[in-house]
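Student: Got a minute to go through a structure with me? I'd like the overall picture and then a couple of details.

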Amino acid sequence: MLEKINNLKEQISALQADSTEALEALRIKYLSKKGEISALFNEFRTVPADQKREIGVKLNELKNLATDKINELKAAFEEKNDADAGIDLTRSAADVPLGTRHPISLVRKEIIDIFVRLGFTVAEGPEVEDDWHVFSSLNFAEDHPARDMQDTFFIQRSPDILLRTHTSSVQSRVMEVTKPPIRIICPGRVYRNEAISARAHCFFHQVEALYVDKNVSYSDLRQTLLYFAREMFGPDTKIRLRPSYFPFTEPSAEMDISCDLCGGKGCSFCKHTGWVEILGCGMVDPNVLEACGIDSKEYSGFALGMGIERITNLKYRVKDLRMFSENDVRFLEEFESAH
């Protein structure tokens, strides 16, 4: 019987299994109730009394060896299965680099977040518009230069259907159907028939804001602009308002911020003036309110608008507007840490 035990020890020590089915077959062969080790324990009853102690120890060692060997093989299979479970067989062999948000999207979101904190809500409208919402409702005269073909893309040569030249058309649409108070911000893409260069493009992005309510004043506009400038460019930013002209606001102004490169001392970026222009603004013209069905004697408001590319240039020092629409991955990767 000792010879049988030693033979089984050699067999069990050399056991291998290439599948879970083969492993289960080995367990049944050696450790089941009808297995070879159980058969030896049944035969143990016939062993002479003076040999029982020695053979009993050997049998227990054999059973422990078989149990450990089966468990070892089982653990190896489980470890392999766990490793395989973490492999996505649909992935490509090479690592796929993660994308980044476009700088225009980053700045657009930052601008919106600032105005949302002031109680503004986002409003959007169609890019293909009609003359009324883009021009007539906003107090543009019939002979205004912006209506000329050199500035506006008209659809199918129609004088009434065009690609919007500013997101002010969204303000018109909201004022027509909404009773004041109105407090909206209108981001979107706009189109103008201009030659493409480092400083201009035939399409770009704007964000405009509108606030209409009772007793809205110019000081409300100025404080809103100051809050925006300091949130966007830093707490030490200063602003100044210069008189200007827009058909839909009166009075109108251009807003400059102090140059953050030179601290207002003057450099090549601000053309040695210490100031950089970023947006246009003004009090909503009473004619615009009346055209949209709002009583200008009871309500007043202010509006402001800026080009997102302009703000992005100031924030990230991008000198060529064409880079925003070329989809050059090397350029976009520069903004990985910005989002």
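Tutor: Here we go through the chain as a whole, then a pocket and a residue. This is a predicted model, where local features need pLDDT of at least 70, side-chain atom pairs count only at pLDDT 80 or more, and totals for chains, interfaces and linings use all residues. Residues are numbered from 1 along each chain as its sequence is written, and side-chain values use heavy atoms, with hydrogens and water left out.

Student: Okay, how many helices and strands are in the chain?

Tutor: The chain has eleven helices and nine strands, counted as DSSP runs (helices H or I, at least four residues; strands E, at least two) numbered from the N terminus.

Student: And what box do the C-alpha atoms fill?

Tutor: Roughly 120 × 45 × 40 Å along the principal axes.

Student: Switching topic: where does aspartate 131 sit?

Tutor: Aspartate 131 is in helix α6, residues 131-134.

Student: Is aspartate 131 buried or exposed?

Tutor: Buried, with a relative accessible area of 12%; buried means under 20%, exposed over 50%, and partly exposed in between, using a 1.4 Å probe and protein chains only.

Student: Which residues does aspartate 131 touch?

Tutor: Leaving out residues up to four places away in sequence, aspartate 131 touches Ser136, Arg147, Pro159, Asp160 and Leu162. Contact here means heavy atoms within 4.5 Å.

Student: What share of the chain's residues is buried, then?

Tutor: Buried residues make up 42% of the 339.

Student: And how many contacts join residues at least 24 apart?

Tutor: 66% of the contacts between residues at least 6 apart in sequence.
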